[in-house]
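Biologist: I'm new to reading structures, so please take me slowly through a close look at a single part, and then place that part in its surroundings.

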Amino acid sequence: MTVGQEAGPPPGGLVHEGAFYRDAAELLAVTVPFVHEGLAHGEPVLVAAPQDRLALIRAAVDADDDRVRYADMTVQGRNPGRIIPWVLQAFLDRHPDRRVRIVGEPVWAERTELEQPACAQHEALINAAFAERDVAIFCPYDASRLTPGVLADARRTHPVLVDSAGRHPSPTFAPEQVVAGHNKPLPVPADPVAVLRYDLDTLADVRRFVTAHAEAADLHPDRVADLQIAVTELAANSIVHAGGDGVLQVWRTGEHLVCEIHDDGWLADPLAGRLAPRHDGIGGRGLVIVQALCDLVLVHSTSAGTTVRLHLRLAGA
Amino acid sequence: MRVTASAVVDQLHLGDHVCWVDDDDSGGGLHAAGRFVAGGLRLGHKVVWFTDAVPPAAVRAHLDGSGVPTQAAVADGQLRIVPAVESYAAGGRFTPDEMIGNLTTEILRARREERPGVRVVGDMGWAVRQGASVADLVRYEAEVNRLFLDGEAAAMCLYDRRLFPTDYLLPATAAHPATVGPNAGRAWAPMLRAYRTRNPHGLRLVGEVDRSNRGAFTAMLDHVAGPGTNQRAAVLDVSELRFADAGAASALARARRNAPSGLRLVGCRPALRRLLDLVDPASPA
């Protein structure tokens, strides 16, 4: 399974298209026929988009049977790294024997600059994650409000682009470069940082440490529990797969409680943490669970070491 | 420092199976085990100390020297101090089932003698010298957990970090419900405790499960809900399980799916319920 097969998707395999729209009419002009075509072929359809656009599409599709599912992407896909395993794959696995269709709008104007690398990597990794699956994924982009950089990344992550002139191959399609290009050292925190070194003997201390910081930051008890699980998974990965120890750093920004795990490991496979256990399976590596529980996960990984930065939104942020 | 370090063993009680990992020459393991044994003798427990790094005579001298008179205890059979290799690897070969059988006999004998409990110390350095396989050692440490579920016995296994390669030490320690060493703070308590319940058949779990004690957890699940359970439905009381990681949730999901007569969780906290949904999307919820 490689990123960006030159021969294109296998017949009936993955179709991954990006579309640029300037207003509601253009959004509906490209998405509604896609949904209707799916229904005409008897294919289950998922529409995952921000709430306002979801409502527009839903009203225009006007087919409220249970073959079309609607998901608010700002909730289900707030963490871009959550979308592949827990939104797209979850839907695919519910219909293992059928071709399915998905409208997925993962980027919106209110996304922050911090989230953009994760959004671009998410779009790029769709090509590798679902190369063997029977699915058409259609991604609308709001060209009137998104930045030129975001739109350039969209051209580089979708093998096929759709605009008013029709469908054409993207001349700049290069998903591996998008993944690699955003694998950069993470910005240095501007806020005071608390540090804890850990190893097998102190795995439980990692939980106490983040719990104290999360409670001091007034996170909801459910989110504190999520953070305990996420940090424990990453620290255990350091212990088992990355030399036996690592460093945890915790700080607070205006928007997030941030927990960063650094160790000597290397996440050489860009799909690490992007695929959930199959419908009939149990388990899943720690990282895919981490993606499910956090609001944003940023990763910088090289042969010299790996940094994983978890963000949980502060109450009221 | 020494006093604090060995004081953590005062937190141990019958039912515990704890791994003591040490990596210095200061004799921390000897002090900790000595304190564990002294506490047992005071309570009238039967005590068996399987020695390795320190010979039996020196262990006895250490106890006597720390104000624990051994003469009467040895004379009436309350205390036995024997070389570990002669018990674990009797006949020159380590056979986990045989050792578990011997410990079972020990517990039954103590019950007949109306002792309130049994305390065991096992200095495990012999395992490396005898070339015991990681698989055998880990299977032994995992399966022996069932002997402690009834609260009749407690054990402290001593592992010298310098003797065991990491790929040996990690699964061996994780087969214990709790691991502790000389750097533990005063607030230390065993990470996980499990109590067998009779009606309904099952376990009550108290504490936390993560990568550091996963082997013990899965072995205990297998013991109450696995194929050898005489077709009895099992109930796990997880209301006092304060933390479970994704691996623990996966083990629970797998046990629930494969239990021959069913496995029911009671008292599931919201975090564990969410985690079960994530690791086992097809779960009954």
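Modeller: Two strands pair if DSSP finds at least two bridges between them. Helices (H or I, at least four residues) and strands (E, at least two) are DSSP runs, numbered from the N terminus. This is a predicted model, in which local features need pLDDT of at least 70 and side-chain atom pairs count only at pLDDT 80 or more, while totals for chains, interfaces and linings use all residues. Residues count from 1 along each chain as its sequence is written, with chains lettered from A and ligands numbered from 1 in written order.

Let's choose a sheet in chain B. Four strands make up this open sheet, in the order 7-8-9-10, and their pairing is mixed. At the edges sit strand 7 (192–197) and strand 10 (263–266) of chain B, each pairing on one side only. From one strand to the next, the twist averages 20 degrees; such angles run from 0 to 180 degrees between N-to-C directions, along axes fitted to C-alpha atoms (for helices, over the stretch in contact).

Now walk across the sheet, starting at strand 7. Strand 7 of chain B runs antiparallel to strand 8 (residues 202–209) of chain B, and six bridges join the two. One place to find this pairing is T197(B), whose bridge partner in strand 8 of chain B is G202(B). Helix 10 (residues 214–225) of chain B packs on the sheet and touches strand 7, strand 8, strand 9 (234–244) and strand 10 of chain B. The direction of helix 10 makes about 170 degrees with that of strand 8 of chain B.

Look also at the loop between strand 7 and strand 8 of chain B, where you will find P200(B). The peptide bond leading from N199(B) to P200(B) is cis, with omega near 10 degrees.

The next step across the sheet changes the pairing. Strand 8 and strand 9 of chain B are parallel partners, with seven bridges. Try locating E208(B), which stands opposite F243(B) in strand 9 of chain B. To get from strand 8 to strand 9 of chain B, the chain passes through helix 10 of chain B, giving a right-handed β-α-β crossover. Right-handed means that, with the strands pointing away from the viewer, the path from the first strand over the helix to the second runs clockwise.

One step remains. Strand 9 and strand 10 of chain B are also paired in the parallel sense, here over four bridges. In strand 10 of chain B, L263(B) is the bridge partner of A234(B). Helix 11 of chain B joins with strand 9 and strand 10 of chain B in a right-handed β-α-β unit.

Now for the surroundings. Two residues are in contact if their C-beta atoms, placed from the backbone, lie within 7 Å. Between the chains, 26 residues of chain B are in contact with 25 residues of chain A. On chain B's side, helix 9, helix 11 (246–258) and helix 12 (270–279) each give two or more residues. Helix 12 of chain B gives the most to that side, with five residues.

Helix 9 of chain B (residues 166–174) holds L169(B). L169(B) has 20 other C-beta atoms within 10 Å, so this residue is buried. The cut-offs are 20 or more for buried, 12 or fewer for exposed, and partly exposed in between. Outside its neighbours within four places in sequence, L169(B) is in contact with Y159(B), R161(B) and F164(B). V134(B) is 35 residues away from L169(B) in sequence, yet their C-alpha atoms are 8.7 Å apart.

What about the partner chain? Chain A has 10 helices and 12 strands. The C-alpha trace of chain A spans about 60 × 40 × 40 Å along its principal axes. Of the 317 residues in chain A, 46% are buried.

Two loops of chain A deserve a glance. D62(A) lies in the loop between helix 2 (51–61) and strand 3 (68–72) of chain A. Although D62(A) is not a glycine, its phi is positive, about 50 degrees. With 8 other C-beta atoms within 10 Å, D62(A) is exposed. D218(A), in the loop between helix 8 (203–216) and helix 9 (221–241) of chain A, also has a positive phi, about 65 degrees, although it is not a glycine. D218(A) is exposed because it has 12 other C-beta atoms within 10 Å.
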